[in-house]
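Let's take a walk through the inside of this protein and look at its enclosed spaces. Have the model open and follow along.

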Amino acid sequence: MGHSAEELASALRQIDLAEVGPQEPLRAFGTLQELASAHAEDSAAREALTVLSNVAGMMLKPDRWESPYLPAMQFGNRRTWLPEDLTDVHRGFLSYSYAWLPSGALRAQVIDVLFVSAVDRDERYKLASESVNAWIGVGLHGELNRAEEQGWRRAVEIALRYRFTEKVTTLVDLAMETIRLEQPRSAWQIARALHESGTGREHADEIVERLRNASATVEDLGFQREILEQVRSWALTNRDSAVVAEVEEQIGDLWWEEAKQRKSSSHFMARDCFGNAYNEYKRVERSRRSSRMNKRLARLPRKIREEGELALEEMHAVESDPIDLTMLRDQVDEVLKEEDSLRAMAAWFARVPLESVQQAHATAKQSMRENPLSHLFSHTTVAADGRTVQHSASARGHGDIPGDVWSEMLRQWELKVGILAQGYIWPALVELSTRHKFNHGDFALLVRSSAFIPPEQERHYVTALHNGYYGRLSESIFMLAPVVEACVRACLQRAGIETRNIRADDTEIEPGLSALMELDGVDEALTPDLAWNIRALYCGPLGPNLRNRVAHGLLSESESNGAAALFAWWLALRLAFVPFFNGMMADSSEPQSGSSTERDPGAGQTPPHDDSEE
């Protein structure tokens, strides 16, 4: 028989909860479960502790105002609790009990869950105020843990929305106290949270100075770049163009240094790092570029090409045999034999490499030879909505490939993608997303490793990957289509290709993706195979034409969840995952610093240019 809210609250007051006070909610979840198991199964104490543990097991996501809690665990149709799972008795019990809970993140989360569940306006206002006070009570310490940072983010969001001006000031002061300690990880975390909240602008100068001091103590080049990128964000907020230029040059220098370090172990990684250095230097206003930076800008395109040529052998070494479509299910089974999530995903991509443009060309020519009658007469291509999108007589080719062959290449590619999506990508995705849970932070690690994705598009790219991984393809493709265009544009600019068109009145416009893919040098900047797949997937009247159809609202619900959208997501994940995995493998096989022989990649070749003066 169930107990009343008063009985549950009374039973909880008899239990010593001092142990869970300082614990993060997710850790308190386990502690409370253990305490509950020590009481009789039908006792009020056990029920009270179980309800409290289920609240502790709700995972706070402060950037989701409409539903800030996610289940900590989910297996198929089963999951841990969410605020909507609480009954009226549970809410009454928590309302009676939160004042008795020891101060800490658990108490703050209980009040916040009650705030999320409340309907009455006055009650919501009261709980909002108490929730912010409770999160302020949790505070921020030298080394931030997850509960402190997430709690601060949640508190400032509530305080801003309810216009608790004094509480916002208190939260900003807490953040500044942490930043003034100049502990790199904590200062970077809370400065990022402060910037994203739109608060603390009056402290911008101090934040820039403190973060720069903290970055100088960091040895890890990647983390140092992340701190400096946050410095740049604050300097931009403060409209301090001189500091912005200095920081962008520093970031470029860090990419340059990492490229030099990577040359001994991976030309693939070195090429990407040099490309990122070039991109960062180009962001600096011309009037603020040093002579050293101009020298590097002049030399970087050659360095990128050289490292790219040396990387070809590394890239070909991981290519697998051509796809046998009749064996797709067996291939999925082989992928799923890998227990480790990263190796499973690596096998997923390695077993089905991207189709090369040469392979597509040869397949199309063979098809035309074997079926000559079907290509003797002109034909018309009609879209799903009945529009005529192409006549074969006026079909455009690409480069040295005539229009009729190019059209056949696209037709064969679309058939292949349909089979691949249904027989290989989707079955493996369902199993992988069931077995291995990846959150936004996991995808962010992948995205930061890819030179294809510029920093300003990282968050959109991460969100698109996360949505697609859990089957929300429609949400994914409507982000991916414009983001891929931005990524392509950034890659072309980094390779020194001018992407803007200048009109007669001297105004500059950025062309769309289809026009970008027609520029000279695209195949070299992206590699011919990637350029072919992007053209087939996103551009032109034939094929899925995703960029145009997404932009103009022509994509139906079924198409946005169909084979082309799934392949687009898979290609996007591939572009993020492969550099990350290659870098991880390269790091694991780094040569020892004491071996001068191993660290001389130029033995027997033309001596490398001396960079010591730069």
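Start with the residues around the second largest cavity: Pro25, Leu26, Met58, Met59, Leu60, Ala105, Gln109, Trp135, Arg146, Ala147, Gln150 and Gly151 form its lining. Keep in mind that this is a predicted model. The space they enclose comes to about 60 Å³.

Which elements do these residues come from? Helix 2 (25–37), strand 1 (58–60), helix 5 (105–117) and helix 7 (146–161) each put in at least two. Helix 7 has the largest share, with four residues. As for chemistry, the lining of this second largest cavity splits into eight nonpolar, three polar and one charged residues.

Now step back for a moment. In total, the structure has three cavities of 30 Å³ or more. The largest cavity has a volume of about 70 Å³. Twelve residues line this largest cavity, and those closest to its centre are Glu355, Lys416, Leu420, Asn533 and Phe567.

So which helices should you look at here? Helix 18 (403–435) and helix 27 (563–588) each supply at least two residues to the lining of the largest cavity. Helix 18 is the biggest contributor to that lining, giving four residues. By class, the lining of the largest cavity holds nine nonpolar residues, one polar and two charged.

If you want to flip between the two sites, go to helix 7 for the second largest cavity, where its four residues make up the largest share of the lining, and to helix 18 for the largest cavity, where it gives the most.

Methods. Residues are numbered from 1 along each chain as its sequence is written. This is a predicted model: local features need pLDDT of at least 70, side-chain atom pairs count only at pLDDT 80 or more; totals for chains, interfaces and linings use all residues. Side-chain values use heavy atoms; hydrogens and water are left out. On a 1 Å grid over the protein atoms alone, a cavity is a set of points where a 1.4 Å probe fits but cannot get out, and a pocket is an open set with protein on both sides within 12 Å along at least five of seven lines; lining residues have an atom within 4 Å of a point. Grid points are joined across faces, edges and corners, and a volume is the space filled by probe spheres set on the points. Ala, Val, Leu, Ile, Met, Phe, Trp, Tyr, Cys and Pro count as nonpolar, Asp, Glu, Lys and Arg as charged, and the others, Gly among them, as polar.
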